[in-house]
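Thanks for coming, everyone. I'll walk through one model today, starting from a single residue and working outwards. Have the view open in front of you.

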Amino acid sequence: MKHVTRAMLAAVLFAQTTSLAAQSLTVVAYEWPPFSGAALPQKGMSLDVISAVMTRAGYEIETQVLPWPRIMSGAREGQYDVIGSLFYDPSLEENLTYSAPFYATNIRLVRKTGSDISYSTVAALQPYSIAVGDGFLYQTEFDHADDLNKVVVTTSLQAIQMVAFGRTDLTLDSVDVVNYALRAEDPSLQDQVEFAPGVLAAQNIHMAVRNDLPDRDKVIADFNKTLMDMRRDGSLATLLYQHM
């Protein structure tokens, strides 16, 4: 009887260990403050929200901030489980399944102070040079407009600097990202650039899980349910306020 009991106990312990291992997730995002950044508190709002939600849902979370090309290649190879700081893009659904959104922001053009450029349509932007982040997603029509004069840079701050120094006519980004860059990264640019009239897009921010992750649907369902719970009890609003 003792041998049977020990065997049963060993089986239970093994099952528990396996279960815990299955609940460990690697969450990555690219450098995009204040949503994500290696030097930000809790690595930014997006990673902090995802970590808080998934931890509350019973998962063990590891977060990393990485370049976008490495994130996509790593997700395809099964290195990373969850990607944060994402706008919805149907082209990514071949590899990723999106969660419910946890934040909303507007995408607007940034011009040099005193410029008369405004936004009406994507096609109307053809005469202008536009600084864009390498691999960044902004708005589906704009992202796929290969006839626009896009100048690729590495970070949002570099794109804003390109406009301030007259090297490009425009850039574009989340208003939260632009305001953070002007407030925290380079305040000297505040008088040199301004938002152009008009909103290019209203975007929600999501996380997404790689499609070949075991229990992908459960991970998404657990995140969405716990996110709703945190929205109801006010803990999500408190967390967002700390960052934004």
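Start with Asp81. It is buried, with a relative accessible area of 9%. That counts as buried because the cut-off is under 20%. One caution before going on: this is a predicted model.

Where is Asp81? It sits in the loop between helix 3 and strand 3. What does Asp81 touch, leaving out residues up to four places away in sequence? Ser24, Leu25 and Thr26 are on the list. So are Ala208, Val209, Arg210 and Leu213. Now look at Arg216. Asp81 and Arg216 are 135 residues apart in sequence, yet 9.1 Å apart in space, C-alpha to C-alpha.

Next, the helix before that loop. Helix 3 covers residues 68-76, and Trp68, Ile71, Met72, Gly74 and Ala75 are buried in it. These buried residues lie on the same side of helix 3, because they cover an arc of only 165° around the axis. The general rule helps here: an α-helix has 3.6 residues a turn, so residues three or four places apart point the same way. On the face turned away from the buried side, helix 3 carries the exposed residues Pro69 and Arg76. What covers the buried residues of helix 3? The cover includes strand 1 (24-29), strand 3 (82-86) and strand 10 (201-210). After helix 3 comes Gly78, with a positive phi near 80°.

On to strand 3. Ser85 is in this strand. Its phi is near 60°, a positive value in a residue other than glycine. Most residues other than glycine have a negative phi. Is Ser85 buried or exposed? Ser85 is buried, at a relative accessible area of 0%.

Ile83 takes us to the core. Setting aside neighbours within four places in sequence, Ile83 is in contact with Trp68, Ile71, Met72 and Ala75, among others. Those four are also among the buried residues of helix 3. The contacts of Ile83 also include Val28, Leu96, His206, Met207 and Ala208.

The largest nonpolar core has 62 residues. Ile83, Phe102, Phe142, Leu172 and Met207 have the most contacts inside it. Helix 2 (residues 45-56) gives this core its largest share, six residues. There is also a second, separate core of ten residues, including Val110, Leu157, Ile160 and Leu182.

Two of those names, Leu157 and Ile160, belong to the buried residues of helix 5. The others in that buried set are Ser156, Ala159, Met162, Val163 and Ala164. Seven of the nine residues of helix 5 (residues 156-164) are buried, so helix 5 is largely enclosed by the rest of the structure. What do the buried residues of helix 5 pack against? On the strand side: strand 5 (103-112), strand 6 (129-133), strand 7 (149-153), strand 8 (170-174) and strand 9 (193-195). Helix 6 (175-185) packs there too. Just after helix 5, Gly166 has a positive phi of about 75°.

Strand 7 holds Asn149. Asn149 counts as partly exposed, at 41% relative accessibility. Beyond four places in sequence, Asn149 touches Tyr128, Ser129 and Ile130. Compare the spacing with Arg231. Asn149 and Arg231 are 82 residues apart in sequence and 41 Å apart in space, C-alpha to C-alpha.

Now the loop between strand 1 and helix 2. Pro34 is in that loop. The peptide bond from Pro33 to Pro34 is cis, with omega near 10°. Most peptide bonds are trans. Gln42 is in the loop between strand 1 and helix 2 as well. Its phi is near 55°, a positive value in a residue other than glycine. Gln42 is exposed, with a relative accessible area of 56%.

Finally, the overall picture. The protein has eight helices and ten strands. Its C-alpha atoms fill a box of roughly 85 × 35 × 30 Å, taken along the principal axes. Of the 244 residues, 46% are buried. Take contacts between residues at least 6 apart in sequence: 72% of them join residues at least 24 apart. The protein exposes about 12100 Å², with 53% of it supplied by carbon and sulfur atoms. On charge, there are 18 positive and 28 negative side chains, and the centres of the two sets lie 9 Å apart.

Note on methods
Residues numbered from 1 in each chain as written. Predicted model: local features only at pLDDT ≥ 70, side-chain atom pairs only at ≥ 80, totals over all residues. Heavy atoms only, no water. Helix = DSSP H or I, 4+ residues; strand = E, 2+ residues; numbered from the N terminus. Buried < 20%, exposed > 50% of the residue type's maximum accessible area, 1.4 Å probe, protein only. Contact = heavy atoms within 4.5 Å. Areas by Shrake-Rupley, 256 points an atom, 1.4 Å probe, with all protein chains shown as cover. Lys, Arg positive; Asp, Glu negative; His and termini not counted. Charge placed at Lys NZ, Arg CZ, Asp CG, Glu CD. Core = buried A, V, L, I, M, F, W, Y, C linked by side-chain atoms within 4.5 Å. Arc of directions from axis to C-beta.
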